[in-house]
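Q: Got a minute to go through this one with me? I'd like to talk about the metal sites and the DNA contacts.

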Number of protein chains: 2
Amino acid sequence: MIDKTLSEREQIREAGLKVTHPRMRILRLLEESEQIHLSAEEVYRILIETNEEIGLATVYRVLTQFEQSGILKRHNFETGHSVFELDRGEHHDHLLCIKCGAVEEFHDEQIESLQYKVSEAHNFKTIDHSLTIYGHCKSCQV
Amino acid sequence: MIDKTLSEREQIREAGLKVTHPRMRILRLLEESEQIHLSAEEVYRILIETNEEIGLATVYRVLTQFEQSGILKRHNFETGHSVFELDRGEHHDHLLCIKCGAVEEFHDEQIESLQYKVSEAHNFKTIDHSLTIYGHCKSCQV
DNA sequence: TACGCAAACGATAACGATTATCAATTGTTT
DNA sequence: AAACAATTGATAATCGTTATCGTTTGCGTA
Ligand SMILES: [Mn+2]
Ligand SMILES: [Mn+2]
Ligand SMILES: [Zn+2]
Ligand SMILES: [Zn+2]
């Protein structure tokens with residue numbers, strides 16, 4: 001959950017992490033990217049293109065740290081690699097186009113509460129859930 | 001979708017595959033296992049314990065073939081590996097205990113139809129979806 | 001039943017994403 | 001500015017899975 005009034009520097013501090021060049025650069029990148037959902041490799045590639053000398057290991061490490069401190073959300077779509085996005089505080093689920101890779105977001109309160117009901121009916125204590133709809137997006141239909 | 005009246009031999013034939021020893025053995029194992037959801041490594045380990053000389057590569061290959069021909073369903077829970085289960089014809093989703101690994105199944109027609117609505121609202125053509133609730137099962141709660 | 005041959009097998013190398021290692025560097029506190 | 005733990009980046013290692021390839025096998029045909 002991100003308080004948008006916090007600067008990158010403050011967010012990193014709040015996470016209990018030192019404010020280093022790689023961390024600042026990666027957080028800024030996530031905030032400024034057109035693409036909301038980015039993989040570690042994509043973040044790395046963007047850094048390289050910006051002539052940043054940041055190692056791939058650092059990218060993975062920082063993304064994981066940001067996830068653990070709540071700055072980022074990690075998603076394991078069925079693409080073989082994790083993707084990350086800033087935690088904007090509002091839970092949502094995803095529609096993923098299996099043709100072009102486009103990701104759309106949605107939130108449906110009814111689905112959420114029905115999930116909770118299901119969970120209760122099974123005496124299950126929900127911690128998290130993942131709902132992804134796979135298919136063809138509007139522009140990928142024939 | 002499995003026609004339960006078909007023997008293993010017939011199911012494999014229907015899939016357009018030769019009836020080989022490894023395929024028969026793996027299909028039978030899936031049908032006779034207490035555990036509904038099994039990973040490739042688990043299938044391999046069970047075969048080894050039964051003194052079957054079936055290679056790990058063959059296990060992966062056969063599971064994938066069975067999936068492609070509709071005999072099995074593959075799930076990518078957030079466990080780092082795929083798990084497989086017989087396709088019993090009735091779609092369902094899962095509750096996964098992150099403590100003991102137990103998997104429970106559920107089906108909620110309301111959730112299904114709401115997902116369809118969401119999909120429609122986004123001009124999205126649904127092909128598949130994956131809904132998994134993560135948490136603590138009844139026996140893992142303090 | 002034996003033959004022929006594509007299909008399938010199993011050992012193992014290779015792969016892609018991710019994590020671990022470790023010497024050198026850097027941020028923060030004094 | 002010194003001191004020192006935290007962090008970095010190059011790279012080795014790991015893990016689940018897939019590709020390779022010489023050998024074996026299922027099965028349609030003679
Ligand atoms: Mn999202
Ligand atoms: Mn199931
Ligand atoms: Zn698309
Ligand atoms: Zn449990």
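What follows is a chat about the metal sites and the DNA contacts in this predicted model.

Q: Let's begin with the zinc ion (ligand 3). Which residues coordinate it?
A: Cys97(A), Cys100(A), Cys137(A) and Cys140(A) do, each through SG, at 2.2 to 2.4 Å.

Q: What's the geometry of that zinc site?
A: Tetrahedral, with angles of 102 to 114 degrees among the four donor atoms. For reference, the ideal angle for four tetrahedral donors is 109.5 degrees.

Q: And how are the donor residues of ligand 3 spaced in sequence?
A: The pattern is C-x2-C-x36-C-x2-C. Cys97(A) sits in strand E4 (residues 93–97) of chain A and Cys137(A) in the segment after strand E6 (125–136), so this pair ties together parts that are 40 residues apart in sequence.

Q: Cys97(A) and Cys137(A): buried or exposed?
A: Cys97(A) is buried, at 2% relative accessible area. Cys137(A) counts as buried too, at 4%.

Q: OK, over to chain B. What are the protein donors of the zinc ion (ligand 4)?
A: Cys97(B), Cys100(B), Cys137(B) and Cys140(B), again through SG, lying 2.2 to 2.4 Å from the ion. The site is tetrahedral, with angles of 102 to 115 degrees among its four donor atoms. Cys97(B) is in strand E4 (residues 93–97) of chain B, while Cys140(B) is in the segment after strand E6 (125–136), so the two tie together parts that are 43 residues apart in sequence.

Q: How buried are those two, as relative accessible area?
A: Cys97(B) is buried at 2%, and Cys140(B) is buried at 15%. The cut-off for buried is under 20%, which is why 15% still qualifies.

Q: Changing topic: what coordinates the manganese ion (ligand 1)?
A: His37(A), His92(A) and His94(A) through NE2, Glu105(A) through an OE atom, and Glu85(A), which is listed with OE twice; the distances are 2.2 to 2.5 Å.

Q: Is that site octahedral or irregular?
A: Irregular, with angles of 54 to 170 degrees among its six donor atoms. An octahedral call needs every angle between donors that aren't opposite to lie between 65 and 115 degrees, so the 54 degree angle rules it out. Bear in mind that water is not among the atoms, so sites may look incomplete.

Q: How are the manganese donor residues spaced in sequence?
A: H-x47-E-x6-H-x1-H-x10-E. His37(A) lies in the loop between helix H2 (21–32) and strand E1 (38–39) of chain A, and His92(A) in the loop between E3 and E4, so the pair ties together parts that are 55 residues apart in sequence. Both His37(A) and His92(A) are buried.

Q: Back to Glu85(A). Where does it lie?
A: In strand E3 (residues 83–86) of chain A. Glu85(A) is buried, with 1% relative accessibility.

Q: Which side chains does Glu85(A) make polar contacts with?
A: The side chain of Arg88(A), at 2.4 Å, and that of His94(A), at 3.4 Å. Beyond its neighbours within four places in sequence, Glu85(A) also has contacts that include Ile36(A), Ile71(A), Leu72(A) and His75(A).

Q: Now the DNA. Which residues are closest to strand C?
A: Tyr60(A), Thr20(B), Glu53(B), Thr58(B) and Arg61(B), out of 20 residues that surround the strand. Of the strand C atoms within 4 Å of the protein, 70% belong to sugar or phosphate and the rest to bases.

Q: Which protein atoms sit at 3.3 Å from strand C oxygens?
A: A side-chain N or O atom of Arg13(A) is 3.3 Å from a phosphate oxygen. A side-chain N or O atom of Lys18(B) is 3.3 Å from a sugar or linking oxygen. For Gly55(B), a polar backbone atom is 3.3 Å from a phosphate oxygen.

Q: And which residues come nearest to strand D?
A: Thr20(A), Glu53(A), Thr58(A), Arg61(A) and Tyr60(B). A polar backbone atom of Glu53(A) is 2.7 Å from a phosphate oxygen of strand D, and a side-chain N or O atom of Tyr60(B) is 2.8 Å from a phosphate oxygen of that strand. H2 and H4 of chain A, together with H4 of chain B, each give two or more residues to the surface near strand D.

Q: What's the class make-up of the strand D surface?
A: Seven nonpolar, six polar and seven charged residues.

Note on methods: Residues numbered from 1 in each chain as written. Chains lettered and ligands numbered in written order. Predicted model: local features only at pLDDT ≥ 70, side-chain atom pairs only at ≥ 80, totals over all residues. Heavy atoms only, no water. Donors = N, O, S within 2.8 Å, 3.2 Å for Na, K, Ca; no water. Tetrahedral: all angles 85-135°; square planar, octahedral: opposite > 155°, others 65-115°. Helix = DSSP H or I, 4+ residues; strand = E, 2+ residues; numbered from the N terminus. Buried < 20%, exposed > 50% of the residue type's maximum accessible area, 1.4 Å probe, protein only. Near = heavy atom within 4 Å. Polar contact = N/O pair within 3.5 Å; in protein donor to acceptor, adjacent residues only side chain to side chain. Contact = heavy atoms within 4.5 Å. Nonpolar A, V, L, I, M, F, W, Y, C, P; charged D, E, K, R; others polar.
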